[in-house]
Every structure is written in structure tokens, then in C-alpha cells.
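Visitor: I should be grateful for a close look at one helix of this protein and at the parts that surround it. Please take me through it step by step, as you would for a first-year student.

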Amino acid sequence: MSSSRKRLIFLIALVGMSSSSQAEPGDKPPALGSEHFRAPPRPDTSNDQQRINLERSRKWAKLVDTDGERASEQIRADFPEAKVVQLVKPGMMVTADYRLDRVRIYVDEEGKVIKPPKVG
């Protein structure tokens, strides 16, 4: 196939793609906060919930250097609403989502808590 024929096919495809879009020349992309572009809703972090989480964090800070399983039992007793209490070992992958019903406990290779557990 000659190079001029390749260029012609490319131009036809390009024109076809541009005519199939709904945007008119000079249209601006949707602005943040517009009906076409909305950020995902944030979890409820009211002042009461923040205060409760802060109190738990302070209490759970004492769990550093304890056994991860024992820390898990303590957290389940302190926070029965938690659906997930997860022991995170070195190298484990975790999701980046924030959940008010989850507590992650980071432990070392020996199963000892290495930093204060947190809700999220």
C-alpha cells in the first residue's frame, strides 16, 4: 500500500471520528462540579464520627508491639460495628478505598503490630 493511500485512509478515519463526537467546535470540556463531571461522594465524617475515631486511635495506639491476633480481638471488642478487621502483613496489597466499617492492623513478619490500627 502506498504512503499516499495510507494518508488518505488515515484522514478519512480522522474525519469520521471527529464528526461522530457530539461536541461542537469551540465547546469547552465540562467544568468540575457540573452535571457531567461529579466527584464521587465522600464518606460521612461528621464531627461526632471524627471524635469517636480519634478516641479509638488514641486507645489503639497502645496496641503497637503487641500480637496482631490479640489486637484484633481487642478492636472487635471496642468496635463491634466493624465488619472487617484485617491483619495486613508486609508486602500485602490493600485497596485505597475508605470504609468506616473496616480496621486495618499492620503487622511485621512475626505478627506484631507495627503502627496504630486505624478505621478506614
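Guide: The expected span of a helix is 1.5 Å times one less than its number of residues. With that definition in hand, we may turn to helix H2 of this predicted model. H2 covers residues 47-60, which is 14 residues. From its first C-alpha to its last it reaches 20 Å, close to the 20 Å expected at 1.5 Å a residue.

A word on the setting is useful before we go further. The chain contains three helices and three strands, and their order from the N terminus is α-α-α-β-β-β. Of its 120 residues, 19% are buried.

Let us now consider the two sides of H2. Its buried residues are Asn53, Arg56 and Trp60. Viewed down the axis of H2, these buried residues fall within an arc of 60°, so they line one face of the helix. The face turned away from that buried side carries the exposed residues Asn47, Asp48 and Arg58.

What lies against the buried residues of H2? They pack against helix H3 (68-78), strand E2 (102-106) and strand E3 (118-119). We shall visit these neighbours in turn.

On the way from H2 to H3 the chain passes through a loop, and Asp65 lies in this loop. The phi angle of Asp65 is near 75°, a positive value in a residue other than glycine. Asp65 has a relative accessibility of 62% and therefore counts as exposed, the cut-off for that class being over 50%.

At the start of H3 we meet a cap. Asp67 caps the N-terminal end of this helix, with a side-chain oxygen 3.3 Å from the backbone nitrogen of Glu69. Within H3, the buried residues are Gly68, Ala71, Ser72 and Ile75. Seen down the axis of H3, they fall within an arc of 105°, so they line one face of that helix. On the other side of H3, Arg70, Glu73 and Ala77 are exposed. The cover over the buried residues of H3 includes H2, E1 and E2.

Strand E2, the next neighbour of H2, holds Arg102. Arg102 has a relative accessible area of 4% and is therefore buried, since buried means under 20%. The side chain of Arg102 reaches the backbone oxygen of Gly120 at 2.5 Å. Leaving aside neighbours within four places in sequence, Arg102 is in contact with Val84, Gln86, Thr95, Asp97, Lys118, Val119 and Gly120.

Trp60, one of the buried residues of H2, also belongs to the largest nonpolar core, which has 12 residues in all. The other members are Leu63, Ala71, Ile75, Phe79, Ala82, Val85, Val103, Ile105, Val107, Val113 and Val119. The elements that give two or more residues to this core are H3 and E2. In soluble globular proteins, nonpolar side chains tend to be buried together. As an example of the contacts made by a core member, Leu63 touches Ala71, Gln74, Ile75, Val113 and Pro117, not counting residues up to four places away in sequence.

Strand E1, which is among the elements covering the buried residues of H3, completes our tour. Val88 is found in this strand, which spans residues 84-88. Val88 counts as buried because its relative accessibility is 2%. Leaving aside neighbours within four places in sequence, Val88 is in contact with Val94, Arg104, Ile105, Tyr106 and Val107. Val88 and Val113 stand 25 residues apart in sequence, and their C-alpha atoms are 9.4 Å apart in space.

Beyond E1, the loop between E1 and E2 holds Met92. Met92 counts as partly exposed because its relative accessibility is 37%. Not counting residues up to four places away in sequence, Met92 touches Gln86 and Leu87. The C-alpha atoms of Met92 and Tyr106 are separated by 9.8 Å, although these residues are 14 apart along the chain.

Finally, we may return to the chain as a whole. Among contacts between residues at least 6 apart in sequence, 34% join residues at least 24 apart. The chain exposes about 9,600 Å², of which carbon and sulfur atoms supply 56%.

Notes: Residues are numbered from 1 along each chain as its sequence is written. This is a predicted model: local features need pLDDT of at least 70, side-chain atom pairs count only at pLDDT 80 or more; totals for chains, interfaces and linings use all residues. Side-chain values use heavy atoms; hydrogens and water are left out. Helices (H or I, at least four residues) and strands (E, at least two) are DSSP runs, numbered from the N terminus. Buried means under 20% relative accessible area, exposed over 50%, partly exposed in between (1.4 Å probe, protein chains only). The arc is that of the directions from the helix axis to the C-beta atoms. Contact means heavy atoms within 4.5 Å. A polar contact is a pair of N or O atoms within 3.5 Å; within protein, one must be able to donate a hydrogen and the other to accept it, and residues adjacent in sequence count only if both atoms are side-chain atoms. A nonpolar core is a set of buried Ala, Val, Leu, Ile, Met, Phe, Trp, Tyr and Cys residues joined through side-chain atoms within 4.5 Å. Accessible areas come from the Shrake-Rupley method with a 1.4 Å probe; for residues, only the protein chains shown count as cover.
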